[in-house]
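Visitor: I've got a new structure open and I don't know where to begin. Can you walk me through it?

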Amino acid sequence: MSRRVRVGIVGTGAIAHAHAEAVAREPERAELVAVTDIDAGRAAEFAQRWGGRVAADLDDMLATDDLDLVNLCSPPGLHTAQGEAALRAGASVFSEKPPALSLAEFDRLRAAEEASTGWFATVSQHRFGGRAQWLARRWREGALGAAMTGVCHTLWYRPDAYFDLPWRGRWSTEGGGPTMGHGIHQIDTMLSILGPWREVTAVATRRARPVETEDLPAALVTLESGAVVSVVNSLLSPRETSYLRFDFEAATVELEHLYGYEDGDWRLTAAPDAPASLTDDWEAGAGGPGSGHSAQFAQVLDALRDGTPPPVTTQDARDTLELLAAIYASAFERRPVGRGEIDASSPFYGSMAGSGAPWGARV
């Protein structure tokens, strides 16, 4: 692709500004040509700040603006239909998480991708910080020894008023609670570093919030490597933090941040018998980008230019989504769930709620 990538943004809420900023950082390779939102006034304000015309809706954008890339910043329940429409039109898609409400919906997107000249990529911005890339690479090269255990905690706070928006806290429009909408970021990062999962045992509960979904799940995830990772996702934690810890034979590596990290948010503690070169390598590896949409978006543009698969392919995203479905299945059915168990015959294939949450309807 020799010309600038023509980008359209669907949904102009808070997260859309991160997308627009990523486009603005690539003025020689991308341009924002159109935006749309059900709130026309908000769309107009967004366009005034970032550029692009205000389209009536996605169909208007696809018919008029010759888009190369559609960035989905809309509520999760709209991603599947909007993604399918963009792919039918031959555009590629860069979608916020969760990319779909269920494995069944996501498999529809994969089918649409196979029939399209475009592709579907999921926003997984925490994979692309310099330290995360360093850690994934060094572990796969064997520099850290075997992975032993880990911690993957998303401890956030959302008051009751957060759920005043009618699509939040509902299985049919948000897909799930903090497992789907909040913890997915850290879970995806953990898998991108440590590799595939094998089995999960989980619990989930609705402790306090006026929702249909859970507001506090926890799980023990066994990875293919044999490492066991503790996963907790909370919307009830006044001191908010996002915490990842990786314990390898040669070192413990920790990350604590909230919604995005820089190099300084990471820490390596070498084992007593680890070679000094490991710490030297860690210190020399500093200076990479922090996490954020811009780092991933640059690779999205590379893929469009080179005609290659995008960063975070549909297979990558499905692997993460399958673990989320297994967490719900394990919690609701009170049993361990293995990778590959949730197929079209499972109630958790069509909905993260399966045959229904044990606590009933929205309070």
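Guide: We'll go through pockets, the cavity, the cores and a few single residues. Keep in mind that this is a predicted model.

Visitor: Start with pockets. How much space lies in the largest pocket?

Guide: The largest pocket holds about 1,200 Å³ of space. It has 45 lining residues, and the closest to its centre are Ile15, Cys73, Ser74, Trp167 and Arg168.

Visitor: Which helices supply at least two residues of that lining?

Guide: Three helices do: H1 (14-24), H4 (79-88) and H9 (184-194).

Visitor: And how do the lining residues of the largest pocket divide into nonpolar, polar and charged?

Guide: There are 17 nonpolar, 19 polar and 9 charged residues.

Visitor: OK, next one. What volume has the second largest pocket?

Guide: Its volume is about 340 Å³. The second largest pocket has 19 lining residues. Nearest its centre lie Arg127, Arg140, Leu191, Ser192 and Asp316.

Visitor: Which element gives the most to the lining of the second largest pocket?

Guide: That's H6, with 5 residues. H6 covers 130-141, and H9 and helix H12 (314-333) also supply at least two residues each. By class, this lining has 8 nonpolar, 5 polar and 6 charged residues.

Visitor: Now closed spaces. How many cavities of 30 Å³ or more does the structure hold?

Guide: It holds 1. About 40 Å³ of space lies in that largest cavity.

Visitor: Which residues line the largest cavity?

Guide: The lining is Lys97, Pro99, Thr122, Ser124, Ile184, Asp188, Ala317, Thr320 and Leu321. H9 and H12 are the elements that give two or more residues to it. H12 gives the most, with 3. The split is 4 nonpolar, 3 polar and 2 charged.

Visitor: H9 has come up again. How many of its residues are buried?

Guide: 11 of the 11 residues of H9 are buried, so this helix is largely enclosed by the rest of the structure. Among them are His185, Gln186, Asp188 and Met190.

Visitor: What comes just after H9?

Guide: Gly195 does, and it takes a positive phi of about 95 degrees.

Visitor: Change of topic: cores. Why would nonpolar side chains be buried together?

Guide: It's a general tendency: in soluble globular proteins, nonpolar side chains tend to be buried together. Here, the largest nonpolar core has 80 residues. Val200 and Trp266 have the most contacts inside it. H12 gives the most to this core, with 11 residues. Apart from that core lies another one, of 23 residues, including Val35, Phe94, Phe297 and Leu304.

Visitor: Back to Trp266. What does it touch?

Guide: Leaving out residues up to four places away in sequence, Trp266 touches Arg131, Ala132, Leu135, Ile193, Phe246, Val253, Glu254, Leu255, Tyr261 and Trp282.

Visitor: Let's go to the start of the chain. Where does Val5 lie, and is Val5 buried or exposed?

Guide: Val5 lies in strand E1, which spans residues 5-10. Val5 has a relative accessible area of 4%, so it counts as buried. The cut-off for buried is under 20%.

Visitor: Which residues is Val5 in contact with, beyond its neighbours in sequence?

Guide: Setting aside neighbours within four places, Val5 is in contact with Arg29, Ala30, Glu31, Asp68, Leu69, Leu301 and Leu304. The C-alpha atoms of Val5 and Glu28 are separated by 9.2 Å, and these residues are 23 apart along the chain.

Visitor: Asp68 is in that list. Where is Asp68 found?

Guide: Asp68 is found in the loop between helix H3 (58-64) and strand E4 (69-72). It counts as buried because its relative accessibility is 11%. Its side chain reaches the backbone nitrogen of Arg6 at 2.7 Å.

Visitor: What about the backbone of Asp66?

Guide: Asp66 is not a glycine, yet it has a positive phi of about 50 degrees. Asp66 lies in the loop between H3 and E4. Arg334 is not a glycine either, and its phi is positive at about 55 degrees. Arg334 sits in the loop between H12 and strand E14 (337-338). Its relative accessible area is 77%, so Arg334 is exposed.

Visitor: Last one. Which peptide bond is cis?

Guide: The bond from Lys97 to Pro98 is cis, with omega near -15 degrees. Pro98 lies in the loop between strand E5 (92-95) and helix H5 (103-114).

Methods:
Residues numbered from 1 in each chain as written. Predicted model: local features only at pLDDT ≥ 70, side-chain atom pairs only at ≥ 80, totals over all residues. Heavy atoms only, no water. 1 Å grid on protein atoms, 1.4 Å probe; cavity = no way out; pocket = protein on both sides within 12 Å on 5 of 7 lines; lining within 4 Å. Points joined across faces, edges and corners; volume = space filled by probe spheres on them. Helix = DSSP H or I, 4+ residues; strand = E, 2+ residues; numbered from the N terminus. Nonpolar A, V, L, I, M, F, W, Y, C, P; charged D, E, K, R; others polar. Core = buried A, V, L, I, M, F, W, Y, C linked by side-chain atoms within 4.5 Å. Buried < 20%, exposed > 50% of the residue type's maximum accessible area, 1.4 Å probe, protein only. Contact = heavy atoms within 4.5 Å. Polar contact = N/O pair within 3.5 Å; in protein donor to acceptor, adjacent residues only side chain to side chain.
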